[in-house]
Amino acid sequence: MRRRIVTLTVLAAVLAITLFGVPLAVAVARFHESMSTHDLERAADTVALAVTGDLANGRIPELKPAGPHEGEGRMRDITIAVYSPTGRLLVGEGPAHADDFVRSARDSDRANGTFGDEVVLAEPVLSGASVVGVIRAAHPRAELDARIRLTWLKMGGLAAIAIGASWLIGRRIATRLARPLEDLAVTAERLGEGDFTVRARRTGVREIDQVAEALDVTSERIGETLERERTFSSDASHQLRTPLTGLRLQLEAALESPDRDPYETIRDSIASADRLERTIDDLLALAKQTRAPRALLDLGKLFEEVRQTWHGLLAGRGRALRISGREALPARAADAAVRQVLAVLLDNAATHGRGTVTVLARDAGDALAIDVSDEGAIPDGHDPFVPGDETEEREGHGIGLRLARSLSEAEGGRLRLTSPSPTTFTLLLPAERPAPREEGPGLAS
């Protein structure tokens, strides 16, 4: 690309110089020819003034040599010849007999042109109305050609300098344009290698900066997508463990009780599989950053699902589950999100807590509060939402609580640790109070 930009820049300069330089070179040649004619005319006029009297009186004039400064800056080798009206050479350097220019000058004001290797100008010498002689001035054509070639050489030098300057400018432009594109290529390569933190430099070239901005947006989106996938993998392994454990316990209990009705076990297993499927759908929605539509939360149905899922699990560990507040203030939220938050809190209570697990829904002013508590305690200074070390993060400590917090915030709510001992987590959701019922005019007291 660099070579192409430089080549195009130089070609553009050459084309411009050619289109401008060729007519200028022709004009310069004509200018020097005109100046040559002017010099010859001036020399002839000077001699004519000096010899007019002698020629009018029939004397042969005497030509004086040019002074040391005469003719400075003009043609140097000008030769002068004086002819009689009959064409005979009287004095000076010229052909012995009148040439075509001398003969033509007798009948006109002036005759000039090129004869052989000379540039010639002839003009008549008048005394009154009579032609008393003809002045012939000439200089070598080679001198005129040398002057033209010297001027052309200077013009060629300037053209070479201009082309050199265009080459340098082309290289600078190529560097300014190519280097940002090369940087973009490196950025794209690093992006392809999996470095989604890479960002492209801004160059001040609007079109290239637009490409860089689009690449940065792409990098950021890909990074976010992969991060969501990693989060989903971590959250899924944590969130699916509990329903899978419950399903396994149900099946193991059926195997240990051969007299138990197998149809009841199958129905319970299907219900557990349905809850597992809902959990997977919720986690996929989180990974895709989509949210279920918000509606009035059905606490009765939600708490019944909690009881069916967790009663048996906790009872198997010798622990009790208490649920109250089904008629609490309604709230508008996605069932799936609230269901996942409660699943995280109950799993945390079942795994890290002890004693009875209590789920309580209550009115908290402008919010619906759902408390999940047990009889355990959290050490002072420990943040349950942050894994303490790699071992805890690998075991899932804090990962589920982080997920629960993000889900609650996505629904416009908050998740807090309201009491470290006994351990109590509170989910706050914006409440939706029913509109006050208006009394009809006939019912007013």
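In this predicted model, strands β9 and β10 form a hairpin with three residues between them. The turn holds G365, whose phi is positive at about 80 degrees. Strand β9 covers residues 357-363 and strand β10 covers residues 367-373, and the two pair in the antiparallel sense over six bridges. Two facing pairs help the eye to follow this register: T358 stands opposite S373 in β10, and R362 stands opposite A369 in β10.

R362 also takes part in a salt bridge, its side chain meeting that of D371 at 2.5 Å, N to O. The two partners sit in unlike surroundings. R362 has a relative accessible area of 33% and is therefore partly exposed, whereas D371, at 10% relative accessibility, falls under the 20% limit and so counts as buried.

The hairpin belongs to a wider arrangement. Strand β9 also pairs with strand β7 (residues 321-324), here in the parallel sense and over four bridges; within this pairing, S324 stands opposite L360 in β9. Together, five strands form an open sheet with mixed pairing, in the order β7-β9-β10-β12-β11. Strands β7 and β11 are the edge strands, each pairing on one side only. On average, neighbouring strands of this sheet are turned by 20 degrees against each other, direction ignored.

Helix α7 packs on the sheet, where it touches β7, β9 and β10. The direction of α7 makes about 175 degrees with that of β7. Helix α8 (residues 335-352) lies across β7, β9, β10, β11 and β12, and α8 runs at about 175 degrees to β12. Between β11 (414-420) and β12 (423-430), the loop contains P422. The peptide bond leading from S421 to P422 is cis, with omega near -10 degrees. This is worth a second look, because most peptide bonds are trans.

A good residue from which to view the packing around α7 is L314, which is placed in that helix (residues 299-316). With a relative accessible area of 1%, L314 is well under the 20% limit and is therefore buried. Beyond its neighbours within four places in sequence, L314 is in contact with R319, A320, L321, A350 and V357. L314 and L346 are separated by 32 residues in sequence, and their C-alpha atoms lie 9.7 Å apart in space.

Helix α7 also carries a salt bridge of its own, in which the side chains of R307 and E304 meet at 2.6 Å, N to O. Why are R307 and E304 separated by about one helical turn? The reason is that they are three residues apart in helix α7. An α-helix has 3.6 residues a turn, so residues three or four places apart point the same way. Both partners are partly exposed: R307 counts as such at 34% relative accessibility, and E304 has a relative accessible area of 27%.

Attention now turns to helix α1. At 1.5 Å a residue, the 55 residues of α1 (residues 2-56) should span 81 Å, and the end C-alpha atoms are 78 Å apart, which agrees. The helix nevertheless has a kink of about 40 degrees, centred on A50. After α1 comes G58, which has a positive phi, near 80 degrees. Most residues other than glycine have a negative phi.

Helix α1 is also linked to another part of the chain through E41, whose side chain meets that of R110 in a salt bridge of 2.8 Å, N to O. Here the pair joins distant parts of the chain, 69 residues apart: E41 is in helix α1, while R110 is in the loop between α2 (100-106) and β3 (111-115). E41 counts as partly exposed at 26% relative accessibility, and R110 likewise counts as partly exposed, at 37%.

The structure holds 10 salt bridges, including those described above between R362 and D371, R307 and E304, and E41 and R110. Side chains of opposite charge can pair when their charged atoms come close. Salt bridges also link E33, R141 and D145 in a network.

Terms used: Residues are numbered from 1 along each chain as its sequence is written. This is a predicted model: local features need pLDDT of at least 70, side-chain atom pairs count only at pLDDT 80 or more; totals for chains, interfaces and linings use all residues. Side-chain values use heavy atoms; hydrogens and water are left out. The expected span of a helix is 1.5 Å times one less than its number of residues. The bend at a residue is the angle between axes fitted to the seven residues ending there and the seven starting there. Buried means under 20% relative accessible area, exposed over 50%, partly exposed in between (1.4 Å probe, protein chains only). Contact means heavy atoms within 4.5 Å. Two strands pair if DSSP finds at least two bridges between them. Axes are lines fitted to C-alpha atoms, for helices over the stretch in contact, and angles run from 0 to 180 degrees between N-to-C directions. A salt bridge is a side-chain nitrogen of Lys or Arg within 4 Å of a carboxyl oxygen of Asp or Glu.
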